[in-house]
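Walk me through how this chain packs. Begin with its aromatic residues, then turn to the nonpolar core.

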Amino acid sequence: MTQAHPTLAAPLPSLTIDLASIFAGHAERTARIEALRPGNKDRLFDGLMAAGITHVTVSFDGEGDSGQIESIAAWNGETAVDFPPVEIAYAALTWDDSEIEMRQLSLEDAVEQLAYDFLSDTHGGWENNDGAYGEFCFDAAARSIHLEFNERFTSSELFTHDF
């Protein structure tokens, strides 16, 4: 009887990671996404004005690994109004495709998507740890978006005393 000894597999080839290429690809993708925003905002503001909506408020809240839009409200002056059942074109890039995808979103869904996009751009991870909350105001007449962002944090203070 012959005893066979296991043989070791050939070593794997060394893995080379080109971080500069990865970062350049990320920067290119980010620039492409940012280039889509002005058109998306214009189509949204045009749709809001055509619907007689002067402004929209979006409240959000989150902490830990959970964060979400809490409410979206449309206004005509000081009067709350419903979003009309109309859709607008919204340009986006998906994670697995470099081509621009034109989606049809309701006005309310377009507001929500832009709010999430701007939160991700300005305060990525806003829902983590102690979290954050705040409100967007989409001012259709001024064609501007204002964000009030409140970040929660835990604080500790050290007091020492010698007696």
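**Aromatics and core**

Phe-60, Trp-126, Phe-136, Phe-138 and Phe-149 form one aromatic cluster. This is a predicted model: local features need pLDDT of at least 70, side-chain atom pairs count only at pLDDT 80 or more, and totals for chains, interfaces and linings use all residues. Numbering runs from 1 along each chain as its sequence is written, and side-chain values use heavy atoms, leaving out hydrogens and water.

Rings of Phe, Tyr and Trp (its six-membered ring) pair if their centres lie within 6.5 Å; planes under 30 degrees apart count as stacked, over 60 as edge-to-face and the rest as tilted. The count by this rule is four aromatic pairs. Phe-136 and Phe-138 have ring centres 6.0 Å apart and planes at 45 degrees, so this pair is tilted. Both residues are buried (under 20% relative accessible area, 1.4 Å probe, protein chains only).

Now the largest nonpolar core, a set of buried Ala, Val, Leu, Ile, Met, Phe, Trp, Tyr and Cys residues joined through side-chain atoms within 4.5 Å. It has 27 residues. Leu-44, Leu-48, Val-56, Val-58, Phe-83, Phe-136 and Phe-138 touch the most other members. Two or more residues come from each of α1 (19–50), β1 (55–63), β2 (66–76), β4 (87–94), α2 (107–123) and β6 (132–139). Helices (H or I, at least four residues) and strands (E, at least two) are DSSP runs, numbered from the N terminus. The largest share, seven residues, belongs to α2.

Take Val-56. Beyond four places in sequence, its contacts (heavy atoms within 4.5 Å) include Leu-48, Phe-83, Val-111, Phe-136 and Phe-138.

Key
Buried means under 20% relative accessible area, exposed over 50%, partly exposed in between (1.4 Å probe, protein chains only).
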